[in-house]
Amino acid sequence: MKVLVATEKPFAAKAVKAITKEIENAGHQVVLLEKYTEKSQLLDAVKDVNAMIVRSDKITADVLDAAHQLKIIVRAGAGYDSIDTEYAKKKGIIVENTPGQNANAVAELVLGLLVYVVRAFYNGKSGSELMGKKLGLLAFGNVGRNVARIAKGFGMEVYAFDAFCPAHVIEEAGVHAVPNQRALFEQCDIVSLHIPATPETKQSINFELVNLLPKGGILVNTARKEVINEPELLKLMAEREDLKFVTDIQPDADAEFAKFEGRYFSTPKKMGAQTAEANFNAGLAAAKQINAYFADGCTKFQVNK
Ligand code: 3PG
């Protein structure tokens, strides 16, 4: 079988080596398409492959149509909003993700962004501390749970709301469960977003919701830029000079947010999961899932059933 690793944002070299070894040991062949810049390169590369490993690469209907032999796509990561999963399903192509494999990397970055913002972006001026502050997690999946673990080490009080995770599960993890997302924004000093981009969540982080944050509130986004209603957040930040926003996903309106000096920071490229360890774990898991599928039809992590 031919397995294409198509990563516009490449894996660390160590991860590529591990993926290649895993796939080749199972008797399959690896084709690498890294740092591609044109969609035509992807369309060309998918023509004769049986499986694909991708990151946030956009796997749209035309890519699926060009991939005549494709049986399975594994997204080495959590979010699969970049893949047309429904169209893949219609074509009988299995789509899987590798949940949890890069969660710690994203969680560590959340705390990194938080230290950076409360210490005035390391500009030498006096800042504040995270200890004792209330941190709200919007969604309690793999990333949210890891953020909770690390934040507790900082002495933060952690709260969470997750529409799909019962309150008792949140409480069992030593985190305060709140009944809805409004309560999370009302009760916490900082809210960190860990929701996927779905029709329900897109644009859901709006003026009304963020305005519930108390004075000096901080919004952290390492989820997806689509979940934020950017025009409304811009309007709110213009009205409330106490609010801060930090993210590793550059908003479309980055230049406008950048005008809020000392209250906004974005990494130039999405980098939550951009560590050697996360690449290795997610990439290797993807390779193993592909091997398992070809060996015995295992589809344990399928997301388009
Ligand atoms: C994910 O959904 O797994 C993260 O957002 C990481 O995405 P990336 O592989 O594009 O960095």
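# Two domains and their local structure

The C-alpha centres of domain 1 and domain 2 are separated by 30 Å. Domain 1 is made up of residues 2–101 and 274–296, while domain 2 takes in 103–266; these bounds come from an automatic or database domain assignment. The model is predicted: local features need pLDDT of at least 70 and side-chain atom pairs count only at pLDDT 80 or more, whereas totals for chains, interfaces and linings use all residues. Residues are numbered from 1 along each chain as its sequence is written, and side-chain values use heavy atoms, with hydrogens and water left out.

## The domain interface

The size of an interface is often given as the accessible area lost when the parts come together. Between domain 1 and domain 2 the buried area is about 470 Å², and carbon and sulfur atoms give 47% of it; the value is the accessible area (1.4 Å probe) that the two parts lose on being put together, summed over both. On the domain 1 side, D81, G100 and T275 lose the most area to domain 2, together accounting for 66% of what that side buries. Eight residues of domain 1 are in contact with five of domain 2, contact meaning heavy atoms within 4.5 Å.

Two residue pairs are in polar contact between the domains, both at pLDDT 80 or more. A polar contact is a pair of N or O atoms within 3.5 Å; within protein, one must be able to donate a hydrogen and the other to accept it, and residues adjacent in sequence count only if both atoms are side-chain atoms. The count of salt bridges between domain 1 and domain 2 is one.

## Salt bridges

A salt bridge is a side-chain nitrogen of Lys or Arg within 4 Å of a carboxyl oxygen of Asp or Glu, and by this rule the count comes to 10. Three of these pairs are listed below with their positions in the chain. The helices (H or I, at least four residues) and strands (E, at least two) are DSSP runs, numbered from the N terminus.

| Pair | N to O distance | Location | Separation in sequence |
|---|---|---|---|
| K2 and D48 | 2.6 Å | K2 in strand 1 (2–7); D48 in the loop between helix 2 and strand 3 (51–54) | 46 residues |
| D81 and R224 | 3.0 Å | D81 in the loop between strand 4 (72–75) and helix 4 (85–90); R224 in the loop between strand 10 and helix 10 | 143 residues |
| E208 and R182 | 2.8 Å | E208 in helix 9; R182 in helix 8 (181–187) | 26 residues |

Accessibility is given here in three classes: buried means under 20% relative accessible area, exposed over 50%, and partly exposed in between (1.4 Å probe, protein chains only). R224 is buried at 16% relative accessibility, while its partner D81 is partly exposed at 37%. D48 is also in the partly exposed class, at 39%, as is R182 at 36%.

## Helix 10

Helix 10 spans residues 230–239, and E230, L233, L234, L236 and M237 in it are buried. These residues lie on the same side of the helix because they cover an arc of only 165° around its axis, taken from the directions from the helix axis to the C-beta atoms. P231 and E239, on the other side of helix 10, are exposed. The cover over the buried residues includes helix 9 (207–210), strand 10 (218–221), strand 11 (244–247) and helix 11 (254–257). At the start of helix 10, a side-chain oxygen of N229 comes within 3.2 Å of the backbone nitrogen of E232.

## Individual residues

N97 lies in strand 5 (residues 94–97) and is buried, at 9% relative accessibility. Its side chain reaches the backbone oxygen of A78 at 3.0 Å. Neighbours within four places in sequence aside, N97 is in contact with R75, G77, A78, Y80, Q289, F301 and V303.

K35 is located in the loop between strand 2 (29–34) and helix 2 (39–45) and is exposed, with a relative accessible area of 60%. Its C-alpha atom is 5.9 Å from that of P10, 25 residues apart along the chain. With neighbours within four places in sequence left aside, T7, E8 and P10 are in contact with K35.

Two residues other than glycine have a positive phi. For A139 the angle is near 100°; this residue is in the loop between strand 6 (134–138) and helix 6 (142–153) and is buried, at 8% relative accessibility. For Q203 phi is about 65°. Q203 occupies the loop between strand 9 (190–193) and helix 9 and is partly exposed, at 41%.
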